[in-house]
Amino acid sequence: MTHNLDNLHARLASVRQSIQQAAERHQRMPETVALLAVSKTQPAVAIRMAAAAGQRRFGENYLQEALAKMAELGDLELEWHFIGPLQSNKTRPVAEHFAWVHSVDRLKLAERLSAQRPDALPPLNVCLQVNISAEASKSGCSLAELPELARAVATLPRLRLRGLMAIPAPAEGLAQQRQPFRRLREALEQLNATGLQLDTLSMGMSDDLEAAIAEGATLVRVGSAIFGARPPRA
Ligand SMILES: *Cc1c(COP(=O)(O)O)cnc(C)c1O
């Protein structure tokens, strides 16, 4: 097998160090920035190695692939986050198997997840995905739709609305990269000013970690910087 897991440990340590340095540079406590290891397309053995190095939170985009890996890794205490686009006819397994969903962008999805969340599990943690760069092709609700969606989702009994998630359009340089993250942070502050209590800004990936942390990310979603380039999807 060509997949290179030899330096996974070193890469994970290096990502943790980048988070710590970015936090310190921007006057933040490093422990207020959680690391979500994005393991989509990576084999279960890679997740097992990251877990052995102390990583507990993992993000997955593809439902069938994620369920297979969860079954294989059932002996580990991991926290699974669904971060990919979600069709409304696929919500049940997400409601049953994940601790978090970051990609809720319409009320119908949220209603189904709430109705399908098993009573034996704690409420499903949810972030609303915002199309922060207003890209025509991208998922996420608009900033204009956000307040009404947030108010409605916050009332659903089996969900716990935690915050906002975004994937901005790629940009070069710290100042450019910070702009969409700032808009997302301001949106969260505005929602909290209307009485919501959101504590999560899910923003920043391998290439724009520092900008996201500078603007208040509480959870960064990092894939390739930990696991290396993604193998093609089978
Ligand atoms: C793939 C993915 C990531 C991780 O991207 P990298 O560039 O590999 O760090 C983060 N968030 C989402 C929603 C993703 O789909």
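**A note on strand 4 and the cavity**

1. A good place to start is strand 4 (residues 100–104): five of its five residues are buried, so this strand is largely enclosed by the rest of the structure. Buried here means under 20% relative accessible area. Please keep in mind that this is a predicted model.

2. Which strands pair with strand 4? One is strand 3 (residues 79–82), which runs parallel to strand 4 and is joined to it by two bridges. Across this pairing, H81 stands opposite W100 of strand 4. Strand 5 (residues 124–129) also pairs with strand 4 in the parallel sense, here over three bridges. In that pairing W100 stands opposite N125 of strand 5. If you have the model open, W100 is a handy residue to click on: H81 is opposite W100 in the one pairing, and N125 is opposite W100 in the other.

3. Now for the connections. Helix 4 (residues 91–97) joins with strand 3 and strand 4 in a right-handed β-α-β unit. Strand 4 also belongs to a right-handed β-α-β unit with helix 5 (residues 107–116) and strand 5.

4. How many cavities of 30 Å³ or more are there? The count comes to one, and the largest cavity has a volume of about 30 Å³.

5. On to the residues around that space. The largest cavity is lined by Q129, V130, N131, K138, S139 and I167. Sorted by class, its lining has three polar, two nonpolar and one charged residues. Q129, one of the lining residues, falls within strand 5 (residues 124–129).

Conventions. Residues are numbered from 1 along each chain as its sequence is written. This is a predicted model: local features need pLDDT of at least 70, side-chain atom pairs count only at pLDDT 80 or more; totals for chains, interfaces and linings use all residues. Side-chain values use heavy atoms; hydrogens and water are left out. On a 1 Å grid over the protein atoms alone, a cavity is a set of points where a 1.4 Å probe fits but cannot get out, and a pocket is an open set with protein on both sides within 12 Å along at least five of seven lines; lining residues have an atom within 4 Å of a point. Grid points are joined across faces, edges and corners, and a volume is the space filled by probe spheres set on the points. Ala, Val, Leu, Ile, Met, Phe, Trp, Tyr, Cys and Pro count as nonpolar, Asp, Glu, Lys and Arg as charged, and the others, Gly among them, as polar. Buried means under 20% relative accessible area, exposed over 50%, partly exposed in between (1.4 Å probe, protein chains only). Helices (H or I, at least four residues) and strands (E, at least two) are DSSP runs, numbered from the N terminus. Two strands pair if DSSP finds at least two bridges between them. A crossover is right-handed if, with the strands pointing away from the viewer, the path from the first strand over the helix to the second runs clockwise.
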